[in-house]
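Reader: I have a model open on my screen and would like to learn how to read the places where its parts touch. Could you walk me through them?

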Amino acid sequence: MAPTRHPAKPLNMTLAEADMRHGTGQEEPAAGGFLSLQGLGKRYQGFTAVHHLYLDVPRGELVALLGPSGCGKTTTLRMIAGLTPVSGGRVLVGGRDMTSEPPYRRDMGLVFQSYALFPHMTVERNVAFGLEMRRIGRAEVAERVKEAVAMVRLQGLEKRRPRELSGGQQQRVALARALVIQPSILLFDEPLSNLDAKLRDEMRTEIRDIQQRLGITAVFVTHDQAEALAMCDKVAVMNAGRLEQLGTPTELYERPANPFVASFVGRINRLPAMAMGTKAKVGERELRLTQPMEGNIEVMVRPHRIQLEPAGSAATESTNRVQGEIRRTTYVGDLIQYVVHVDGLNWSVEQPTSASATLSPIGAKVDLSWRVEDTLAFKSAG
Amino acid sequence: MEERKPSWLLKVTVTVLFVFLLVPVLVIVPLSFSGENTLRFPPDSWSFRWYGELWSNDRMWGAFRTSLVIGAVVTVLTILIALPAAYVIVRLKVRGSELLYNLFTAPLLLPTIVIGLAILIIFASVGLLGTRLGIALGHLVLTLPYALRILATALNALAVTVEEAAASLGAKPLTVFRRITLPLIAPGLVSAGALSFLVSFDEVVVTLFLAGPEATTLPVEMFRHLESRSDPLIAAISVLLISLTLAVVLIVHRSIGFSTSFTR
Ligand SMILES: Nc1ncnc2c1ncn2[C@@H]1O[C@H](COP(=O)(O)OP(=O)(O)OP(=O)(O)O)[C@@H](O)[C@H]1O
Ligand SMILES: [Mg+2]
């Protein structure tokens, strides 16, 4: 049965009511997410934009889709929304196969990367459009439009048309237009890319707040990793049309599944080494690994997990250390960034300013030490 | 920034062109107030008698009415056919869209007389000669390419994502078309309609092949009139035609200017 009418969702809805609203109640499989992508793929002539993507988003969770430009984020969102036909795989919502449903029957709100506002309608009419499609009474439409406009801080601009707004204002109209319908699934395609830092912060909080209060399941595309880590329950990292890793921000940051994720989420230093069991050789030095490995590997360490010590300090059981020479120091207030030359590679090291009151001079020989648990190691490619 | 002044050469060229294009048309106006029996410029005497003649000339009025009716029907049919065609070609991008578009717009490149002859041969065999329907269908062949071209351009200028946004907000395809697509291509629709009407209204070549005693259009009737006589009646009709054309152009200009002011 297709939900042809979408009743307004009261803000203080109980969970049971929410279940009834989505019409899935008990049928939803415990394992799969409310939104479940099963082997989703998209091929253009001779080019695969998305490869067999499996992704489960539990009800009420906000999952970030993070990845470099052109990796297939927009294509994935468009397939979920039903705007781009899939080349393979299925889109399930609450266990129901939506793959062949037209977009207007999916009850998903989409914030387009290009905004896609209606140029011939005022801000107010733009925001009201989705509510009118749901045959909501005029008084309630006016009420909810007013709320949504206030939420994106556009009061006073209700009567303007999109071309009379700045890029950031247009983006906020797009945001309000999708949020106001309180759909069961919200899809955001870089919805904050055009806002200043303060407004972006406010909008993040607003989005997160609405999404959590109404228990909306959401996918949030961004290539700002700080944004992904800060506001989402889970982060899916994509690269070249494939899902590299899905995990909580902590998992991604502390236990990246592969070198791509390690270097894409947060900054990282790399050092080639030769592994034998739980030991790895870097030149003459030996590093301890958290798990046994063999052959050529790459050791990775985050810049702020490293301590700088005078050269020749004694190694301990629980730390790894390499030697280096300081090449550059940058003082940025709350921390000092060092560029340290290690084995022909430039490493970056960050130290909080409180801990090291004195700046190590350029050219100084230092030891870089870090805890064994902070040592990431991956098999070298090729 | 300093505004660029048009050079004197450009000014002269433009003036000469204007005179060349407009003077023959403007000469018609005084001619229509001639008191003579022949078309001669300048006339020796002035009068309104040819407007009086026109008023009581039933043949001309009949032809004028036929032209109006055919023009209106052709305009409506053109839009009804060209709009879905443009939509299919531009939006659905079916296999062979390009070919279809080229096929539809090909008549623009052919000499009208060849089209007229071809239609004559076909219509003669199905008994459409000398009927209003026949003339309307003949005009359709000429108006469709223009309308299709204008509407395809208008649709191409409208971002697909805007229509997709409406769909994702719950609008069914027909609603999307009515509330988003249609208002945004309205200027294109108005120009396509106006152009179709004007093309149909002053078409002579093809209509000459198709017209008969039961159905003639105003331009054909004027042509026939001129073959036997050359009195200033023609000038009086021409003044009416010029006014009508100007009115249509003005209406189009006003409405497009109006809608572009809010759809960009
Ligand atoms: N219609 C199309 N035909 C062919 N290739 C396409 C088409 N649309 C997208 N692509 C390709 O698919 C890939 C993924 O595109 P997509 O728009 O999903 O990237 P994205 O991850 O959203 O990038 P960005 O962060 O820059 O928005 C790109 O390499 C793009 O060139
Ligand atoms: Mg994109």
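Author: Happily! Let's begin with polar contacts: between chain B and chain A there are five residue pairs in polar contact, with both residues at pLDDT 80 or more. That confidence value is there because this is a predicted model.

Reader: Which elements give two or more residues to the side of chain B that touches chain A?

Author: On chain B, they are helix H7 (160-168), helix H8 (173-201) and helix H11 (233-263). H7(B) supplies the largest share of that side, with seven residues.

Reader: And how do the residues of that side divide into nonpolar, polar and charged?

Author: The side of chain B that touches chain A has eleven nonpolar residues, six polar ones and four charged ones.

Reader: How should I think about the size of an interface?

Author: People often state it as the accessible area that is lost when the parts come together. Here, chain B and chain A bury about 2,100 Å² between them, and 66% of that is on carbon and sulfur atoms. In residues, the contact takes 21 from chain B and 23 from chain A.

Reader: How many salt bridges are there between chain B and chain A?

Author: The count is two. For a pair to look up on your screen, try Glu132(A) and Arg179(B): their side chains form a salt bridge, at 2.9 Å from N to O.

Reader: Let's turn to the ligand. How many residues surround ligand 1, and which are the closest?

Author: A good way to start with a ligand is to list its neighbours. Ligand 1 is surrounded by 13 residues, and the closest are Ser69(A), Gly70(A), Lys73(A), Thr74(A) and Thr75(A). By class, this shell holds seven polar, four nonpolar and two charged residues.

Reader: Which polar atoms of Cys71(A), Gly72(A) and Thr74(A) should I look at, backbone or side-chain?

Author: For Cys71(A), look at the backbone, where a polar atom is 3.2 Å from an oxygen atom of ligand 1. Gly72(A) also uses a polar backbone atom, 3.0 Å from an oxygen atom of the ligand. With Thr74(A), look at the side chain: one of its polar atoms lies 2.6 Å from an oxygen atom of ligand 1.

Reader: How much of the accessible area of ligand 1 does the protein cover?

Author: On its own, ligand 1 has 640 Å² of accessible area, and the protein covers 63% of this. Strand S2 (47-57) and helix H2 (73-81) of chain A are the elements that give two or more residues to the shell. H2(A) gives the most, with three residues.

Terms used. Residues are numbered from 1 along each chain as its sequence is written. Chains are lettered from A and ligands numbered from 1 in the order in which they are written. This is a predicted model: local features need pLDDT of at least 70, side-chain atom pairs count only at pLDDT 80 or more; totals for chains, interfaces and linings use all residues. Side-chain values use heavy atoms; hydrogens and water are left out. Contact means heavy atoms within 4.5 Å. Buried area is the accessible area (1.4 Å probe) that two parts lose on being put together, summed over both. A salt bridge is a side-chain nitrogen of Lys or Arg within 4 Å of a carboxyl oxygen of Asp or Glu. A polar contact is a pair of N or O atoms within 3.5 Å; within protein, one must be able to donate a hydrogen and the other to accept it, and residues adjacent in sequence count only if both atoms are side-chain atoms. Helices (H or I, at least four residues) and strands (E, at least two) are DSSP runs, numbered from the N terminus. Ala, Val, Leu, Ile, Met, Phe, Trp, Tyr, Cys and Pro count as nonpolar, Asp, Glu, Lys and Arg as charged, and the others, Gly among them, as polar. A residue is near a molecule or strand if one of its heavy atoms lies within 4 Å of it. Accessible areas come from the Shrake-Rupley method with a 1.4 Å probe; for residues, only the protein chains shown count as cover.
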